[in-house]
Amino acid sequence: METDVLIIGCGPAGLQAAIHASRKKVRTVVVGKTINSAMHGTEIENYLGAVDDGDSILSNAVEQARSFGAEFLEQNVISARSENGSFVFGVDDGTEITAKAVIIATGISRKKLGIPGEKELFGKGVSYCAICDCNFYKGRRAVLVGNESEAAVSAAMMTSYASETSWVAWDLTANDVVVQKAKDAGVTMYSSRPVAIEGEGKVQSLRLEDGTVIPTDGVFIELGAKSAMDIALDIGVMPQVDSTIKVDAECRTEVPGVFACGDVTGKPWQVAKAVGQGCVAGLNAADFVNGN
Ligand SMILES: Cc1cc2nc3c(=O)[nH]c(=O)nc-3n(C[C@H](O)[C@H](O)[C@H](O)COP(=O)(O)OP(=O)(O)OC[C@H]3O[C@@H](n4cnc5c(N)ncnc54)[C@H](O)[C@@H]3O)c2cc1C
């Protein structure tokens with residue numbers, strides 16, 4: 001599939017960007033799921049003129065963007081690369097999308113496992129970004145945790161670094177193709193829920209519900225979609241140390257054609273700011289495509 005503007009994220013930032021880009025008559029595709037927006041399940045009281053539940057605002061915005069021609073793919077981006085001046089993204093069902101401009105509107109969520117040891121050993125072997133930290137695991141053992149395609153992709157990638165790579169998935173929803181790639185790369189699979197990350201001052205093992213204990217030096221938690229930081233790095237944008245993406249007043253990143261908006265660019269984490277930046281990013285991405 002080819003598009004002018006690809007928007008990654010279906011929260012208020014991505015949806016506002018979709019409305020403004022599509023109204024400028026450039027082909028606009030939005031990838032993401034409203035149920036994964038931080039706004040899902042909330043009551044919004046401080047957004048101009050709208051005191052409403054977050055889900056109603058999101059579903060109205062999807063219809064509004066669609067009415068201007070925006071197209072929607074309810075998928076997660078699981079791979080990203082730059083190629084011949086364009087940006088190419090892979091999604092869960094295997095579709096590849098080539099875009100002239102991209103808007104990263106992925107929010108800030110990092111799903112947690114919520115098990116003992118996760119918080120205590122964060123930064124001491126517990127990581128939420130395989131692509132950021134894989135280099136530290138050269139010749140060491142690593143366990144990937146997650147049910148979605150992203151965990152499979154990360155596990156396969158990790159085999160190029162770690163001496164042993166395991167993957168724990170207890171409710172597998174990953175695409176068959178990426179699961180097979182992980183297996184072919186030599187990843188050992190476990191299918192029981194993690195219950196504790198263990199170690200004294202550093203990660204030493206991961207304990208599963210069925211009693212299995214996997215000795216490891218690192219636990220990589222990949223519970224959802226490919227993180228904004230991974231996507232940014234893959235297309236040449238260096239994330240900030242606080243895991244945000246730096247943009248200028250036009251929502252441009254350091255890479256021409258790559259824009260970002262919403263929570264992913266930093267605080268305040270508010271709908272009003274997400275929508276404001278979404279407008280700017282959508283207009284500027286469309287102008288970029290049109291050579292303005
Ligand atoms: C409990 C709660 C209450 C809140 N209350 C308020 C409030 O009252 N007022 C207020 O202004 N703000 C409130 N907020 C904050 C507000 O919801 C966020 O600031 C806002 O949703 C940010 O919008 P966003 O579009 O940047 O990110 P999000 O809304 O988080 O959307 C991110 C999108 O990116 C998608 N995505 C991520 N990774 C990928 C990928 N790899 N591939 C495809 N898609 C991807 C997700 O599926 C999602 O659609 C609240 C937040 C929470 C959690």
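This passage describes a five-stranded sheet, a helix pair lying by it and the shell around the ligand in a predicted model. Residues are numbered from 1 along each chain as its sequence is written. Because the model is predicted, local features need pLDDT of at least 70 and side-chain atom pairs count only at pLDDT 80 or more, whereas totals for chains, interfaces and linings use all residues.

An open sheet is built from five strands in the order β9-β16-β10-β11-β12, with parallel pairing (strands being DSSP runs of E of at least two residues, and helices runs of H or I of at least four, numbered from the N terminus; two strands pair if DSSP finds at least two bridges between them). β9 (126-127) and β12 (188-190) are the edge strands, each with a single partner, so one side of each has no neighbour in the sheet. Within the sheet, β10 (residues 141-145) and β11 (residues 164-168) are joined by five bridges, and A142 has T165 in β11 as its bridge partner.

Across β10, β11 and β16 (218-221) lies α4, running at about 170° to β10 (axes are lines fitted to C-alpha atoms, for helices over the stretch in contact, with angles from 0 to 180 degrees between N-to-C directions; contact requires C-beta atoms, placed from the backbone, within 7 Å). Helix α4 (residues 149-158) also packs with α5 (residues 176-184) at about 25°, the axes being 8 Å apart. The two helices are therefore roughly parallel (angles under 35 degrees).

Around the ligand stand 36 residues, the closest being G9, G11, N36, G107 and G262 (C-beta atoms, placed from the backbone, within 6 Å). The largest share of this shell, four residues, comes from β3.

Definitions and conventions:
Angles under 35 degrees count as roughly parallel, over 145 as roughly antiparallel, 65 to 115 as roughly perpendicular and the rest as oblique. Two residues are in contact if their C-beta atoms, placed from the backbone, lie within 7 Å.
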